[in-house]
Amino acid sequence: MAKQFVQLEALRAQWQSTWSAMAPRERQLLSVAAALALLTLVVMVGVRPAVKSLAQTPAQLRELDAQLDQMRREAEEARVLKQRPPVPPVQAEAALKAATERLGDGARLMTQGDRATVNLTGVSGKALASWLDEVRSGARARPVEAALQQSAVGVYNGTITLALSGQGEQ
């Protein structure tokens with residue numbers, strides 16, 4: 001540590017002698033250059049990131065507002081679905097069976113107690129989304145487990161396990 005201090009003192013002394021030997025105009029130019037370098041550093045490190053953040057803020061706020069609106073819509077949908085009266089088990093199974101039959105040969109339904117499992121083979125994503133919406137609203141069934149694989153673009157294979165409403169739910 002002492003060695004570094006001695007070296008630093010030597011550098012300071014050398015700089016002072018060089019500074020004293022300079023003409024006043026050279027010292028002024030060097031001072032202006034140092035001030036410009038310091039100003040550039042302040043702008044690059046302090047001001048520029050802040051300006052960039054300010055420029056990005058409106059877009060981020062719009063994105064967050066859109067996400068918040070989506071969450072509010074989903075919360076309202078959940079509230080509406082919760083307020084619906086439960087469907088009797090026989091009616092729920094009938095609605096689930098009817099919805100699954102609309103998927104065609106690519107869907108097989110197996111019901112056991114308060115659970116239903118649907119095996120899917122070659123079902124389009126659009127048909128699957130429509131089916132999920134139908135079983136959620138018509139049969140009051142909710143997916144509790146899904147193992148799906150995309151076999152081609154927009155075509156799915158796998159299984160979905162559903163909990164039937166009014167049976168074993170709290």
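Is L109 buried, exposed or partly exposed? I began with this residue, keeping in mind that I am reading a predicted model.

**Entry 1: L109 in β1**

I found L109 in strand β1, and its relative accessibility of 27% makes it partly exposed, because buried would require under 20% and exposed over 50%. Leaving aside residues up to four places away in sequence, I listed its contacts as L96, K97, T100, A116, T117 and V118. I also looked up the separation of L109 from N119, which is 10 residues away along the chain, and the two C-alpha atoms are 6.6 Å apart.

**Entry 2: helix α3**

Since L96 and T100 are among the contacts of L109, I turned next to helix α3, which covers residues 89-101. Its 13 residues, at 1.5 Å a residue, should span 18 Å, and I noted that the end C-alpha atoms are indeed 18 Å apart, which agrees. I then asked which residues of α3 are buried. They are A92, L96, A99 and T100. Looking down the axis of α3, I saw that these buried residues fall within an arc of 100 degrees, so they line one face of the helix. On the face turned away from that buried side I noted the exposed residues V90 and E101. As for what covers the buried residues of α3, my list includes β1 (107-112), β2 (115-124), α4 (125-138) and β4 (155-163).

**Entry 3: T161 in β4**

From β4 I picked T161, which has its place in that strand. I wrote it down as buried, because its relative accessibility is 16% and the cut-off for buried is under 20%. Apart from residues up to four places away in sequence, T161 touches R115, A116 and T117, and also R142, P143, V144 and E145. I noted that A116 and T117 also appear in the contact list of L109.

**Entry 4: salt bridges**

How many salt bridges does the count give? It comes to 6, and I followed up several of them. As a general reminder to myself, side chains of opposite charge can pair when their charged atoms come close.

The pair I looked at to begin with was R79 and E76, whose side chains meet in a salt bridge at 2.2 Å, N to O. Both residues lie in helix α2, 3 residues apart, which is about one turn of the helix. I recorded R79 as partly exposed with a relative accessible area of 39%, and E76 as partly exposed too, with 37%.

I then went to E134 and R102, whose side chains meet in a salt bridge at 2.0 Å, N to O. This pair links distant parts of the chain, with E134 in helix α4 and R102 in the loop between α3 and β1, 32 residues apart. E134 is partly exposed at 25% relative accessibility, whereas R102 is exposed, with a relative accessible area of 57%.

In α4 I also looked up D133 and R136, which form a salt bridge with their closest N and O atoms 3.3 Å apart. These two are 3 residues apart in the helix and are therefore separated by about one helical turn. An α-helix has 3.6 residues a turn, so residues three or four places apart point the same way. D133 has 42% relative accessibility and counts as partly exposed, and R136 counts as partly exposed at 32%. I added that D133 and R136 are linked with E77 in a network of salt bridges.

**Entry 5: the nonpolar patch and L38**

Which residues form a nonpolar patch on the surface? I noted V32, L36, L38, L39, L41, V42, V43, M44, V45, V47 and V51, which together have about 980 Å² of accessible area. From this patch I checked L38, which lies in helix α2 (residues 24-83) and counts as exposed at 53% relative accessibility, because the cut-off for exposed is over 50%.

**Entry 6: A21 and R140**

I placed A21 in helix α1 (residues 2-21) and recorded it as exposed, with a relative accessibility of 66%. I then looked up its separation from A147, which is 126 residues away along the chain, and the C-alpha atoms of the two are 81 Å apart.

Last, I checked R140, in the loop between α4 and β3 (142-152). Its phi is positive, about 55 degrees, although R140 is not a glycine.

Technical notes. Residues are numbered from 1 along each chain as its sequence is written. This is a predicted model: local features need pLDDT of at least 70, side-chain atom pairs count only at pLDDT 80 or more; totals for chains, interfaces and linings use all residues. Side-chain values use heavy atoms; hydrogens and water are left out. Helices (H or I, at least four residues) and strands (E, at least two) are DSSP runs, numbered from the N terminus. The expected span of a helix is 1.5 Å times one less than its number of residues. Buried means under 20% relative accessible area, exposed over 50%, partly exposed in between (1.4 Å probe, protein chains only). The arc is that of the directions from the helix axis to the C-beta atoms. Contact means heavy atoms within 4.5 Å. Patches are made of residues with over 30% relative accessible area and no salt bridge: like charges are joined within 9 Å, nonpolar side chains (Val, Leu, Ile, Met, Phe, Trp, Tyr) within 5 Å. Accessible areas come from the Shrake-Rupley method with a 1.4 Å probe; for residues, only the protein chains shown count as cover. A salt bridge is a side-chain nitrogen of Lys or Arg within 4 Å of a carboxyl oxygen of Asp or Glu.
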